[in-house]
Number of protein chains: 2
Amino acid sequence: MARTMKRLTDDERRAALASLHGWIETEGRDAITRRFAFRDFSEAWGFMSRVALVAERMDHHPEWFNVYRTVEVTLSTHDAGGLTEKDVALAKAMDAIAGI
Amino acid sequence: MARTMKRLTDDERRAALASLHGWIETEGRDAITRRFAFRDFSEAWGFMSRVALVAERMDHHPEWFNVYRTVEVTLSTHDAGGLTEKDVALAKAMDAIAGI
């Protein structure tokens, strides 16, 4: 547990971002952000519902903003005060669910 | 349809806000906002899931931001460029689902 709660080093962060799709560093925070766009609310909600189950299982939850067919996600680990492996794992799961 | 898409007058807006619980006018926009707080993510997600079904049935969707156990909602009618009866109806449904 302690291992996964360590903030990523610069090298680890670079490697993580390279392994993800469309995620960028969040401005002004030690976090990562991605904007997902879907066909409509139904498709966006389907994505969010699947992610909600993963998040609950991981006990690691996103900050996310939804308007109709778009979902903007920010990931950071509150207890660690920044980006950790947990965020990278959740981002990867989101990429997979979004089909990218 | 045209009737429900008309922006509320000042009197209608005042009456609407008085009939709702905890909603305030959104700063800098013709919209209303409420912050809901739940026990945990599971309860927040349960609320959002029930609201998602209502929103889809109404074909009127919220702007909402969720972090763990909190859900911040903003309602406005895009096509009307401001607050309409549709927003008040959705806000009332959210109040009912949240149990307040």
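Two strands are taken to pair if DSSP finds at least two bridges between them. In this predicted model, β3(A) and strand β4 (residues 70–75) of chain A meet that condition, with five bridges joining them. The two strands run antiparallel. Within this pairing, Trp64(A) stands opposite Val73(A) in β4(A). A hairpin is formed by β3(A) and β4(A), with two residues between the strands. Tyr68(A) lies in the turn and has a positive phi of about 50°.

The other side of the pairing scheme involves the second chain. Strand β3 (residues 63–67) of chain B is joined to β3(A) by five bridges. This pairing across the chains is antiparallel. Val67(A) stands opposite Glu63(B) in β3(B).

The result is an open sheet of eight strands. Its order is β1(A)-β2(A)-β4(A)-β3(A)-β3(B)-β4(B)-β2(B)-β1(B), and the pairing is antiparallel. The edge strands are β1 (24–25) of chain A and β1 (24–25) of chain B. Each of these pairs on one side only. In chain A, two bridges join β1(A) to strand β2 (residues 32–37), and the two run antiparallel. Glu25(A) has Ile32(A) in β2(A) as its bridge partner. In a regular strand, side chains alternate between the two faces of the sheet.

The arrangement of the two chains was examined next. A turn of 180°, with a shift of 0.0 Å along the axis, lays chain A on chain B with an RMSD of 0.0 Å. The two copies are thus related as by a two-fold rotation axis. Among the residues of chain A, Phe65(A) comes closest to this axis, with its C-alpha at 2.1 Å.

At the interface, 15 residues of chain A are in contact with 15 residues of chain B. Of the interface residues of chain A, 100% are also interface residues in chain B, so the copies meet through the same surface. The size of an interface is often given as the accessible area lost when the parts come together. Here the area buried between chain A and chain B is about 1400 Å². Carbon and sulfur atoms give 70% of that area. Three aromatic residues, Phe41(A), Trp45(A) and Trp64(A), supply 38% of the area that chain A buries against chain B. No other three residues supply more.

Polar links between the chains were then counted. There are zero salt bridges between chain A and chain B. Two residue pairs are in polar contact, both at pLDDT 80 or more. On the side of chain A that touches chain B, the elements giving two or more residues are α2 (41–58) and β3 (63–67) of chain A. The most comes from α2(A), with seven residues. By residue class, this side of chain A divides into nine nonpolar, four polar and two charged residues.

Salt bridges do occur in the model as a whole. Over all chains the count comes to twelve. One of them links Asp11(A) with Arg14(A), where the closest N and O atoms are 2.7 Å apart. Both Asp11(A) and Arg14(A) lie in helix α1 (residues 10–19) of chain A. They are three residues apart, about one turn of the helix. Side chains of opposite charge can pair when their charged atoms come close.

Note on methods
Residues numbered from 1 in each chain as written. Chains lettered and ligands numbered in written order. Heavy atoms only, no water. Least-squares fit on C-alpha atoms with pLDDT ≥ 70 in both. Contact = heavy atoms within 4.5 Å. Buried area = accessible area lost by both parts, 1.4 Å probe. Salt bridge = Lys/Arg side-chain N within 4 Å of Asp/Glu carboxyl O. Polar contact = N/O pair within 3.5 Å; in protein donor to acceptor, adjacent residues only side chain to side chain. Helix = DSSP H or I, 4+ residues; strand = E, 2+ residues; numbered from the N terminus. Nonpolar A, V, L, I, M, F, W, Y, C, P; charged D, E, K, R; others polar.
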